[in-house]
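The exercises below ask you to read a protein model step by step, with a worked solution after each task. Please look through the sequence and the structure before you begin.

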Amino acid sequence: MEDKTALSGNESAVLEAVKEMMEGFAAFIGTGAELILYSLSDRDHSVLHTVNNWHSGVSNGDPMPEILRIKIDELIAESLNGVTPYSRRTFYFTTRTGPDKEKVVLVPVRCGSNIIAVLMVGYYLNTPIQSFLNAMSPNENDGNPHDAIDITEEYITKAVVEARERVDQDSAVTRSNYIRSIVELLDKDGIFRIKSAVRIVAKTLHISPNTIYMHLRWLRRR
């Protein structure tokens, strides 16, 4: 498939529908899943939509990684041969942040007979089981959702205060690395697996959410 081909109206509509589906699926399965939609029309600016992208730091407009180019080309060839029209690829990655594994499924997105994109669903196998159970369990606070929000914000705020105290006691932390050190401690404690954590941490530290995302991307790439 050639890069940088224009999408038709129907193809654009399909991609918009997939984006909505990604949001719904992530809400269902929880924060352990990362979903990335890769366009095949421009592989140098391939990422169309992400959900829970704090796992990898991938952003809209990023290029398609070389390892995925290879696997996606294999997937397309297998799908187009007519024998396995619903072909998909499943494999495992070792994450950049440590020995933890990510299970990845690549699913072709079709408009008619054409494959116009590939949806990558990755699930981080080090995700705490409680996170998965929380996503699957009914919310006991459905009658008063503000109670659940308040409890979550209180928990995250307390974690920020504790992380800040630990950093304050570390004389090796420089002023320029102060916020990054706090973010790193919170990340290690799994705080950013909680929905709305970035917003609450940013509010507590009096910084912008973009600053949090910047530090998380740096930590993932390191």
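**Exercise 1. Establish which residues of helix 5 are buried, and what follows the helix.**

Solution. Begin with the burial of the helix: in helix 5, the buried residues (under 20% relative accessible area, against over 50% for exposed and partly exposed in between, with a 1.4 Å probe and protein chains only) are Arg180, Ser181, Ile182, Val183, Glu184, Leu185 and Leu186. Helices here are DSSP runs of H or I with at least four residues, strands are runs of E with at least two, and both are numbered from the N terminus. Next, look past the end of helix 5, where Gly190 follows with a positive phi near 80°. Finally, take Arg180, which lies over the face of Trp218 at 3.9 Å from the ring centre; the criterion is that NZ of Lys or CZ of Arg is within 6 Å of the ring centre and within 35 degrees of the ring normal.

**Exercise 2. Decide how far the model can be trusted, and where it should be read with caution.**

Solution. This is a predicted model, in which local features need pLDDT of at least 70 and side-chain atom pairs count only at pLDDT 80 or more, whereas totals for chains, interfaces and linings use all residues. Residues are numbered from 1 along each chain as its sequence is written, and side-chain values use heavy atoms, with hydrogens and water left out. The mean pLDDT (the predictor's confidence in each residue, from 0 to 100) of the protein chain is 79, and 76% of its residues reach 70 or more. Over residues 140-149, however, pLDDT stays under 50, and for this stretch the model has three contacts (heavy atoms within 4.5 Å) beyond four places in sequence. Where pLDDT is low, the predicted coordinates should not be read in detail.

**Exercise 3. Describe the overall make-up of the chain.**

Solution. Count the elements: the protein chain has seven helices and five strands, and from the N terminus on they run α-β-β-α-β-β-β-α-α-α-α-α. Then turn to burial, for which 40% of the 222 residues count as buried. Of the contacts with a separation of 6 or more, 51% are between residues 24 or more positions apart.

**Exercise 4. Identify the residues at the heart of the largest nonpolar core, and the helices that supply it.**

Solution. A nonpolar core is a set of buried Ala, Val, Leu, Ile, Met, Phe, Trp, Tyr and Cys residues joined through side-chain atoms within 4.5 Å. The largest such core has 21 residues, of which Ile156, Leu186, Ile191, Phe192, Val201, Ile212 and Leu216 touch the most other members. At least two residues of this core come from each of helix 4 (145-168), helix 5 (178-188), helix 6 (197-205) and helix 7 (209-221), and helix 6 gives the most, with six residues. Another core, of 16 residues, lies apart from this one and includes Ile29, Ala33, Val121 and Tyr123. As for the surroundings of Leu216, this residue is in contact with Trp54, Val183, Asp187, Phe192 and Val198, if neighbours within four places in sequence are left aside.

**Exercise 5. Is Glu153 buried or exposed, and which residues does Glu153 touch?**

Solution. Glu153 is found in helix 4, and it counts as buried because its relative accessibility is 19%. Not counting residues up to four places away in sequence, Glu153 touches Ile200 and Lys203. The C-alpha atoms of Glu153 and Arg199 are separated by 9.7 Å, although the two residues are 46 apart along the chain. On the side of helix 6, seven of nine residues are buried, namely Ala197, Val198, Ile200, Val201, Ala202, Thr204 and Leu205.

**Exercise 6. For Asn52 and His206, which have a positive phi, determine where each lies and whether each is buried or exposed.**

Solution. Most residues other than glycine have a negative phi, and most peptide bonds are trans. Asn52 nevertheless has a positive phi of about 60°, and its place is in the loop between strand 2 (47-51) and helix 2 (66-80). With 17% relative accessibility, Asn52 counts as buried. His206, whose phi is near 60°, lies in the loop between helix 6 and helix 7; at 71% relative accessibility, His206 counts as exposed.
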